[in-house]
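Biologist: I would like to learn how to read a model like this. Could you take me through the features in turn?

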Amino acid sequence: MIPGKYRSVSGRSANNVNCGLHLVIQTSSLPEKNKVEFKFNRDSPSFPGRLLQHDLERNYSSRQGDHINLVSSSMPSFPILQRSSEEKILYSDRLTLERQKLTVCPIIDGEEHLRLLNFQHNFITRIQNISNLQRLIFLDLYDNQIEEISGLSTLRSLRVLLLGKNRIKKISNLENLINLDVLDLHGNQITKIENVNHLCDLRVLNLARNLLSHVDNLNGLDSLTELNLRHNQITFVRDVDNLPSLQRLFLSFNNISSFDSVSCLADSTSLSDITFDGNPIAQESWYKHTVLQNMTQLRQLDMKRVTEEERRMASVVAKKEEEKKRESQKQSLLKEKKRLTINNVARHWDLQQRVANNATNQDRKDSASPPQDPCQTEGSTTSPFPEDTGAVDSGITSALQGLSVIDTHLVEVDGDTLSLYGSGALESLDRNWSVQTAGMITTVSFTFIEFDEIVQVLPKLKIKFPNSLHLKFKETNLVMLQQFNALAQLRRMDQLTVDPQGNPVVNFTLWKYYVLFRLSHFSMQKINGTEVTQNDMIMAERLFGILAHVASSELPQYRLISILGDARKKQFRYLLETKGKKPGIVNEENNDSKRLVGENTNRATLNYTTREFYNEKLEDIKEKKKFCKMYIEDLMKEATEVNMKNEALQKLWPQMFIELVRDAVIEIRNKNSYMKLCLQQITDQK
Amino acid sequence: MLSPERLAQPDYEYLAQRHVLTYMEDAVYQLLENREDISQYGIARFFTEYFNSVCQGTHILFREFSFIQATPHNRASFLRAFWRCFRTVGKNGDLLTMREYHCLLQLLCPDFPLELTQKAARIVLMDDAMDCLMSFSDFLFAFQIQFYYSEFLDSVAAIYQDLLLGKNPNTVIVPTSSSGLHRQRPALGEAGVPEGVEASLFYQCLENLCDRHKYSCPPLALVKEILSGVQRLTFYGFLGTLSKHPGINQALGALPDKGDLMQDPAMDEELERLVVRSRLHRTPRQHRAKEPGAAGTQRRDKLEAPERAPEPSRWQPE
């Protein structure tokens with residue numbers, strides 16, 4: 001039976017299979033023995049094929065007067081087929097040889113007008129002996145054992161060629177079949193689409209259930225309307241946009257996993273019906289709307305009508321995805337820029353540290369600095385980072401090339417965290433932060449900045465970010481316990497994180513206790529992520545309590561005042577330097593420092609002066625001391641002179657006294673002359 | 001006080017020996033620094049306080065290194081202050097690195113030079129494995145002689161070097177920079193070459209040194225005692241023994257004996273008071289922070305609190 005779908009195509013009522021057939025098959029070599037007569041009832045009902053089957057199954061025993069004798073020839077020669085003349089006249093254009101257990105194509109004699117030939121369900125291995133049937137339009141070789149397409153070169157009128165369910169490995173030898181309308185090659189072993197480009201009238205091509213792994217080489221099939229590629233191993237499809245008439249494409253049960261592999265479908269304007277079920281792509285969440293979005297001309301997907309609703313959804317989703325992709329690309333661009341900036345800052349930092357180390361070691365060995373000078377120039381392009389770009393997506397790299405400046409510092413606000421990289425970032429604290437943003441910040445993180453520089457901006461931090469509770473320090477050169485004293489001026493601190501990287505102070509055994517001791521008025525909750533326990537606080541107090549006691553009670557009054565006064569003075573100095581100072585804030589500062597002093601007088605004297613300021617102070621001291629020295633020296637000279645004179649006097653006085661007395665006695669020895677002398681002296685005085 | 005020797009000295013010498021001028025200069029300097037504050041309560045009172053603090057040894061707290069180093073009395077006071085403040089660290093049993101001790105020193109004197117601490121550490125560690133941990137008492141005693149007798153030790157180092165190289169020890173020796181000591185250290189363990197120098201020869205040189213120089217030297221009797229006990233000795237061996245000798249400690253008078261190093265009853269009492277006060281401060285805050293052990297500790301504190309006189313808490317809950 002001819003499969004139903006071809007009925008209308010061929011336009012012929014080819015479904016009336018021969019009912020009533022009189023066959024005589026004769027082999028040429030043994031004329032007598034091999035005379036086989038097939039006789040069929042003329043009035044047999046419309047499915048003679050089945051009857052035929054019955055007959056065959058009954059061992060060809062005679063039935064209702066028909067005797068069918070099938071004698072197989074031992075010699076390799078072809079049986080010759082002959083029909084009775086009645087048959088020939090009645091069904092002159094069609095011949096059915098279904099289920100005849102034929103292993104070869106018989107020679108069909110005298111049937112040159114044949115237009116329909118049916119060899120279904122046999123065991124034929126080669127197409128032969130039909131070259132003379134040059135009027136043949138319909139050839140059905142479904143379900144045989146044909147291994148190669150051949151023997152068709154003379155059938156120029158052929159329109160329908162059914163070669164399903166055979167063993168064909170290659171599409172070939174179809175050159176002359178230019179009128180071919182339907183080509184059915186399903187159920188074979190074909191691996192490649194080829195040699196069909198000349199079939200410009202071909203309308204239906206069935207390559208289902210083959211071994212195709214990809215689809216291309218379809219150009220030239222200008223009339224192709226339906227292409228069935230179900231049940232193959234197809235991973236990608238090409239050339240479909242070269243099929244101007246293609247309306248239906250069946251790709252069910254293949255191996256298509258992404259829309260890119262079938263992207264040519266989007267370019268086809270004629271496609272209205274497509275199936276993808278059974279492919280990996282159909283399992284994806286984005287499957288339906290991606291297909292609908294890319295193929296707006298589609299009317300049916302997977303044998304279901306495409307509704308307007310679905311189309312709308314698809315475009316909405318597609319737009320969202322586009323947005324998301326753009327967003328994520330922007331994000332990754334930003335991230336990359338941030339990473340490069342941080343790298344730059346880190347490099348600067350390293351150089352700085354090395355230079356500082358050189359200065360202290362007075363070592364001239366390190367020559368690493370000069371070759372790296374190009375990196376120190378600000379606003380460097382991406383060229384100093386060859387090793388970095390390798391890791392970046394090519395798309396992002398090209399975008400970054402457009403950025404001509406990479407900063408030497410970075411300020412980042414991420415929800416409740418403010419991150420500062422590089423000392424230039426400290427200037428950003430001067431910016432006008434919106435009250436809302438500033439109020440949300442609870443964590444401030446410093447990286448690649450000298451702690452001494454951070455100390456100077458702590459008052460600003462206190463004012464601008466009043467809710468900052470957690471400070472983080474990484475690569476900030478914290479080397480002395482003393483430096484923690486500087487943190488006491490803040491308003492509040494619940495947590496402190498000091499990253500071991502770049503902060504040697506963390507290597508000390510006692511650093512945490514010292515922090516807890518000095519900053520006890522904050523009642524900190526966590527240090528470096530670990531909770532602070534009561535025991536920790538007590539231990540801190542035990543270790544350093546005496547220091548505090550000594551620092552407060554044993555200092556003479558004037559020193560206490562001077563140290564505290566110094567600290568307060570410094571704070572005011574910083575405040576005065578900030579722009580936009582408001583009188584209200586100054587008052588607040590007063591209260592704050594008063595409160596501070598009230599809380600922790602015993603600790604308040606433990607201050608930290610940054611090295612710079614300390615050196616300045618020392619310079620100052622030298623000057624003043626020089627003056628004092630001179631002053632004291634003068635005093636001492638005076639004192640020693642006086643002392644010397646005193647001593648000299650002491651030594652000389654007895655002698656002087658004796659002389660005085662002697663002089664006086666000598667004078668008075670002669671009373672008369674003494675009286676005369678006195679009187680003389682009185683008159684002289686007048 | 002009114003001994004004849006005192007009067008026999010010329011003024012300058014007398015003043016210099018007692019470092020009177022140093023203190024006068026410093027007093028005037030302090031006056032200059034803080035004249036606004038001091039003028040409030042009078043200069044006489046200021047001078048009283050100043051010299052009181054000099055007597056008590058508290059004048060060196062948080063002062064610059066040049067002042068602390070200026071007189072032997074300052075040095076001794078500084079040692080004593082260091083001991084008092086950080087005795088608790090030693091009592092706790094923590095072993096610290098040289099850098100950490102230096103940090104502690106810096107808490108009292110911000111510009112204390114690292115060199116001195118390093119030298120002290122070398123004495124303790126016998127110039128070996130400088131990152132080793134040291135105990136508080138070891139470090140303190142080594143630091144004592146290094147700081148108090150720093151000039152003397154520098155000269156001794158120079159002498160030692162010369163002796164090693166076989167030079168004539170009786171020539172005038174000028175102390176060179178101490179960094180030279182380590183590069184020229186002879187390789188030990190060479191077959192047949194004995195370590196260090198001969199003790200008696202060394203003693204002779206030291207005797208000469210002490211006679212000649214004005215800066216403070218350890219009592220010669222002690223030095224003789226140490227050197228008479230051994231045949232040969234190394235530089236750090238000598239210093240190590242010197243630092244551990246109780247006689248030095250007594251001679252200086254700044255620190256208590258090793259056995260009593262951790263004892264300071266007055267301070268301990270004070271400390272207890274401080275600890276209690278801090279606990280009281282902490283408890284209300286803890287309660288708010290909802291720490292797991294909060295309830296337990298609170299109860300405990302409440303039981304303990306009535307036993308001591310309640311301190312007026314200045315901490316206000318926010």
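Modeller: Start with contacts. A contact means heavy atoms within 4.5 Å. In chain A, take the contacts with a separation of 6 or more: residues 24 or more positions apart account for 49% of them. Keep in mind that this is a predicted model.

Biologist: What share of such contacts in chain B joins residues at least 24 apart?

Modeller: In chain B, 67% of the contacts between residues at least 6 apart in sequence join residues at least 24 apart.

Biologist: Which secondary structure do the chains have?

Modeller: Chain A has 16 helices and 24 strands. Chain B has 18 helices and 2 strands.

Biologist: Now burial and surface. How many residues of each chain are buried, as a percentage?

Modeller: The cut-off for buried is under 20% relative accessible area. Chain A has 686 residues, and 44% of them are buried. Chain B has 318 residues, of which 47% count as buried. The accessible surface of chain A is about 36,100 Å², with 51% belonging to carbon and sulfur atoms. For chain B the accessible surface is about 16,200 Å², and carbon and sulfur atoms hold 54% of that.

Biologist: Next, the interface. How is its size given?

Modeller: Often as the accessible area lost when the parts come together. Here, about 5,700 Å² is buried between chain B and chain A. Carbon and sulfur atoms give 62% of that area. In residues, 63 of chain B are in contact with 60 of chain A.

Biologist: How many salt bridges and polar contacts does the rule find across the interface?

Modeller: The rule finds 4 salt bridges between chain B and chain A. B:E272 forms a salt bridge with A:R542, and their closest N and O atoms are 2.9 Å apart. There are also 8 residue pairs in polar contact across the interface, both residues at pLDDT 80 or more.

Biologist: Which elements of chain B give two or more residues to the side that touches chain A?

Modeller: They are helix 2 (11-18), helix 3 (20-33), helix 4 (35-41), helix 5 (43-56), helix 7 (72-91), helix 8 (98-108) and helix 17 (265-289) of chain B. The largest share, 12 residues, comes from helix 17. By class, this side of chain B has 29 nonpolar, 11 polar and 23 charged residues.

Biologist: Let us look at a single residue. Is B:R87 buried or exposed?

Modeller: B:R87 is buried, with a relative accessible area of 0%. Its place is in helix 7 of chain B. Leaving out residues up to four places away in sequence, B:R87 touches A:I546 in the other chain. Within chain B, the residues B:R87 touches include B:F136, B:L261, B:D264 and B:D268.

Biologist: Last, backbone angles. What sign does phi have in most residues other than glycine?

Modeller: Most of them have a negative phi. Two residues of chain A go the other way. Phi of A:K165 is near 55°, a positive value. Phi of A:D302 is near 55°, again positive, and this residue is not glycine.

Biologist: Where are A:K165 and A:D302 found?

Modeller: A:K165 is in the loop between strand 8 (160-162) and strand 9 (182-184) of chain A. A:D302 is in the loop between strand 16 (300-301) and strand 17 (304-305) of chain A.

Biologist: Why does A:D302 count as buried?

Modeller: The relative accessibility of A:D302 is 18%, and buried means under 20%. A:K165 has a relative accessible area of 43%, so A:K165 is partly exposed.

Note on methods. Residues numbered from 1 in each chain as written. Chains lettered and ligands numbered in written order. Predicted model: local features only at pLDDT ≥ 70, side-chain atom pairs only at ≥ 80, totals over all residues. Heavy atoms only, no water. Buried area = accessible area lost by both parts, 1.4 Å probe. Salt bridge = Lys/Arg side-chain N within 4 Å of Asp/Glu carboxyl O. Polar contact = N/O pair within 3.5 Å; in protein donor to acceptor, adjacent residues only side chain to side chain. Helix = DSSP H or I, 4+ residues; strand = E, 2+ residues; numbered from the N terminus. Nonpolar A, V, L, I, M, F, W, Y, C, P; charged D, E, K, R; others polar. Buried < 20%, exposed > 50% of the residue type's maximum accessible area, 1.4 Å probe, protein only. Areas by Shrake-Rupley, 256 points an atom, 1.4 Å probe, with all protein chains shown as cover.
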